[in-house]
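Me: I have a structure open here and would like to talk it through with you. Could we start with what a term means before going residue by residue?

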Amino acid sequence: MSAKKQGYIFCVANQKGGVGKTTTTINLAAALSALKKKVLLIDLDPQGNATMGSGIDKNSEELSIYQVLIGANTIAECKQRSESGGYDVLGANRELSGAEIDLVQMEKREQQLKQALVHCQADYDFILIDCPPTLSLLTLNGLAAAHGVIIPMQCEYFALEGLSDLVNTIKRVYRNINDDLELIGLLRVMFDGRITLQRQVSEQIEEHFGDKVFNTKIPRNVRLAEAPSHGMPGVVYDKNSTGAKAYMEFGRELIKRLKKKTK
Ligand code: ATP
Ligand code: MG
């Protein structure tokens with residue numbers, strides 16, 4: 001990653017489903033906003049969970065990331081405001097699942113998001129992209145546009161297995177289409193230190209990935225799971241919960257790490 005000139009663009013990715021990507025994207029966006037950073041959250045998943053969890057009704061939005069990817073509208077035209085989270089959102093809904101088909105026929109099909117971001121990158125300190133649980137053309141658009149990848153993972157037996165596919169994809173994207181891309185770090189989520197297996201896997205991850213593992217661990221916390229149904233990030237919904245505090249700590253750790261890097 002080259003020294004920072006404009007906003008950081010980070011993908012939150014893991015092709016495994018239900019590992020906490022969306023929860024991490026929403027809460028990191030809210031945490032960074034609370035730390036006075038300007039943030040744009042991009043929902044790159046047709047499920048639209050990050051959109052809904054930011055308090056925006058995915059079904060009533062007429063302009064979304066779909067229009068941006070097919071080149072019909074700019075991000076400035078399609079973005080909305082998460083009032084609860086304090087950040088901007090480029091939302092998604094089911095329409096996005098058709099984008100793959102449209103993209104396949106386009107030239108530079110994996111570069112569409114990157115090209116669209118050129119015009120608004122300078123407006124933000126952080127642009128966070130919530131990726132779908134696939135290594136699809138959508139995810140590729142995210143990786144092609146990003147400076148780095150944050151990987152949330154649960155400390156479970158099979159966690160490391162899928163990770164090598166993702167790390168290989170990141171390496172391939174780095175070599176072929178985006179030499180700015182790097183692994184920013186692995187974030188342990190839904191962590192329960194009382195469970196021996198989780199502690200063991202957590203240690204294994206540290207052995208394998210060293211300082212690429214964030215110190216902050218996000219605990220399993222029901223308040224984080226409840227928050228989306230209220231259209232709010234957990235960080236805002238119950239700021240005294242253990243989950244909210246952990247995501248705030250993660251936001252601070254990320255900023256500190258990036259400062260160190262650019263020194
Ligand atoms: P998908 O692959 O479907 O996009 P995902 O990786 O984005 O899933 P989430 O939707 O963030 O994963 O989380 C999966 C489920 O786990 C959700 O119901 C969410 O509320 C819950 N969850 C996530 N993190 C936590 C946590 N730290 N504590 C408790 N529940 C959590
Ligand atoms: Mg998700």
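Reply: Let us begin with strand pairing, where two strands are said to pair if DSSP finds at least two bridges between them. Please keep in mind throughout that this is a predicted model.

Me: Okay, then which residue stands opposite Ile129 in β5?
Reply: The residue standing opposite Ile129 in β5 is Cys11. Strand β1, residues 8-12, pairs with β5 in the parallel sense over five bridges.

Me: And how does β2 pair with β5?
Reply: β2 and β5 also run in the parallel sense, with five bridges between them, and in β5 it is Asp130 that has Asp43 opposite.

Me: Is β5 itself mostly covered or exposed?
Reply: Strand β5, residues 126-130, is mostly covered, since five of its five residues are buried. Phe126, Leu128 and Asp130 point one way from the strand, while Ile127 and Ile129 point the other way, and all of them are buried.

Me: Switching to helices, how many residues of α7 are buried?
Reply: Eight of the nine residues of helix α7 (residues 137-145) are buried, so the helix is largely enclosed by the rest of the structure. The buried residues are Leu137, Leu138, Thr139, Asn141, Gly142, Leu143, Ala144 and Ala145.

Me: What about Thr24, where does that sit?
Reply: Thr24 lies in helix α1, and with a relative accessible area of 0% it is buried.

Me: Which side chain does Thr24 make a polar contact with?
Reply: The side chains of Thr24 and Tyr247 are joined by a polar contact of 2.8 Å. If neighbours within four places in sequence are left aside, Thr24 is in contact with Val12, Pro152, Leu187, Val189, Tyr247 and Phe250.

Me: Now charges. How many salt bridges are there by the rule used?
Reply: The count comes to 10 salt bridges, and as general background, side chains of opposite charge can pair when their charged atoms come close. One of them joins the side chains of Lys212 and Glu182, at 3.5 Å from N to O. That pair links distant parts of the chain, with Lys212 in the loop between α9 and β8 (213-219) and Glu182 in strand β7, 30 residues apart.

Me: Which other lysine forms a salt bridge with Glu182?
Reply: Lys261 forms a salt bridge with Glu182, and the closest N and O atoms are 2.8 Å apart. This pair also links distant parts of the chain, because Lys261 is in helix α12 (residues 242-262) and Glu182 is in strand β7, 79 residues apart.

Me: So are those three residues buried or exposed?
Reply: Glu182 counts as buried at 15% relative accessibility, the cut-off for buried being under 20%. Lys212 is partly exposed, with a relative accessible area of 27%, and Lys261 also counts as partly exposed, at 41% relative accessibility.

Me: What does Arg257 pair with?
Reply: Arg257 forms a salt bridge with Glu253, the closest N and O atoms being 3.4 Å apart. Both residues lie in helix α12, four residues apart, which is about one turn of the helix. An α-helix has 3.6 residues a turn, so residues three or four places apart point the same way. Arg257 is partly exposed, with a relative accessible area of 21%, whereas Glu253 is buried, with a relative accessible area of 8%.

Me: Which residues are linked in a network of salt bridges?
Reply: Lys79, Arg81 and Asp88 are linked in such a network.

Me: Backbone next: which sign does phi have at Lys36 and at Met190?
Reply: Lys36 has a positive phi of about 70° although it is not a glycine, and Met190, also not a glycine, has a positive phi of about 50°. Most residues other than glycine have a negative phi.

Me: Where do those two sit?
Reply: Lys36 is in the loop between α1 (21-34) and β2 (39-43), and at 74% relative accessibility Lys36 counts as exposed. Met190 lies in strand β7, residues 182-191, and Met190 counts as partly exposed at 22% relative accessibility.

Me: Last one: which residues form the nonpolar patch on the surface?
Reply: The patch is formed by Tyr157, Phe158, Ile195 and Leu197, which together have about 430 Å² of accessible area. Leu197 is found in helix α9, residues 196-209, and at 39% relative accessibility Leu197 counts as partly exposed.

How values were computed
Residues numbered from 1 in each chain as written. Chains lettered and ligands numbered in written order. Predicted model: local features only at pLDDT ≥ 70, side-chain atom pairs only at ≥ 80, totals over all residues. Heavy atoms only, no water. Buried < 20%, exposed > 50% of the residue type's maximum accessible area, 1.4 Å probe, protein only. Helix = DSSP H or I, 4+ residues; strand = E, 2+ residues; numbered from the N terminus. Polar contact = N/O pair within 3.5 Å; in protein donor to acceptor, adjacent residues only side chain to side chain. Contact = heavy atoms within 4.5 Å. Patch = residues over 30% accessible without salt bridge, like charges linked within 9 Å, V, L, I, M, F, W, Y side chains within 5 Å. Areas by Shrake-Rupley, 256 points an atom, 1.4 Å probe, with all protein chains shown as cover. Salt bridge = Lys/Arg side-chain N within 4 Å of Asp/Glu carboxyl O.
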